[in-house]
Amino acid sequence: MSESSTLPRKPEGPPRIPGAKAVRPKSAATIIIVRRDGPKPRVLMGKRHGGHDFMPNLWVFPGGRIDRSDYRAPHATDLRPDVAGKFAKYLAPHKGRALAMAAVRETFEEAGLLLAKPVPARSAAGPWREFLAEGVAPDLAALDVIARAITPPMVGKRFDTWFLMGDAEHLASLDRKPDCGELEEIAWIEFDEALQLNLPMVTRRMITEAVERLEDPDRAPTFFRFKGGKAHWGTL
């Protein structure tokens with residue numbers, strides 16, 4: 001089952017150069033981290049800097065592009081078979097794990113939080129150096145796939161983003177690490193309040209998906225893409 005709608009009136013990124021071919025989307029992943037230690041569930045969100053050319057000043061979940069190092073960095077636990085299977089339907093072997101690793105790494109870089117388990121500290125070069133120096137490694141078994149979304153073709157900077165979801169109880173600590181935080185503001189926000197923020201279209205939809213996922217853990221992941229000038233929401 002799928003649903004369609006007309007294109008949004010204003011792209012949430014730099015427009016594609018007139019006459020140019022659509023930009024190929026870059027692989028990316030993000031994590032919707034939910035905290036349930038209060039009266040209502042809260043979600044981790046951050047505000048993007050106004051200087052960004054992609055979604056400036058908007059509130060988003062932490063995440064980012066896949067890096068080569070995400071394929072080889074160590075992890076404390078692996079993806080659960082059902083989650084790995086969802087990735088395997090669409091991606092080359094090991095890419096799903098690398099995307100999950102990218103989302104965990106970016107959550108540390110952007111929000112200073114570690115979705116990880118303790119392991120012996122080890123030295124490493126590149127993007128994973130500071131993460132692994134904390135004596136932890138990613139807890140991939142804590143993640144679920146809830147959606148995939150591809151940036152519309154009329155935008156000049158595009159991403160093929162997988163939206164993952166995990167519980168805050170799997171964080172090494174709720175205290176953010178110093179000198180981390182590429183996002184301007186970081187906050188735990190109740191879902192109904194999050195919908196009042198300045199949000200990208202896809203983030204707004206993912207908040208709704210997350211709420212429905214909390215109510216129905218067996219809900220099928222959604223897939224957002226554009227076909228024939230219209231937005232399509234289907235299932236993975």
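The accessible surface of the chain amounts to about 12,000 Å², and carbon and sulfur atoms account for 50% of it; areas were computed by the Shrake-Rupley method with a 1.4 Å probe, and for residues only the protein chains shown count as cover. The model is predicted, so that local features require pLDDT of at least 70 and side-chain atom pairs count only at pLDDT 80 or more, whereas totals for chains, interfaces and linings use all residues. Residues are numbered from 1 along each chain as its sequence is written, and side-chain values use heavy atoms, with hydrogens and water left out.

The chain contains five helices and 12 strands, taken as DSSP runs (helices H or I, at least four residues; strands E, at least two) numbered from the N terminus. Of its 236 residues, 46% are buried (under 20% relative accessible area; exposed is over 50%, partly exposed in between; 1.4 Å probe, protein chains only).

The largest nonpolar core, a set of buried Ala, Val, Leu, Ile, Met, Phe, Trp, Tyr and Cys residues joined through side-chain atoms within 4.5 Å, comprises 35 residues, of which Ile31, Phe87, Phe131, Leu143 and Leu164 touch the most other members. At least two residues each come from β2 (26-35), α1 (81-88), α2 (95-111), α3 (129-132), β8 (144-150) and β9 (159-167). The greatest contribution, seven residues, is that of α2. A second, separate core has 23 residues, including Ile32, Met206, Ala210 and Phe226.

In the loop between α1 and α2 lies His94, a non-glycine residue with a positive phi near 75°. His94 is exposed, at 55% relative accessible area.
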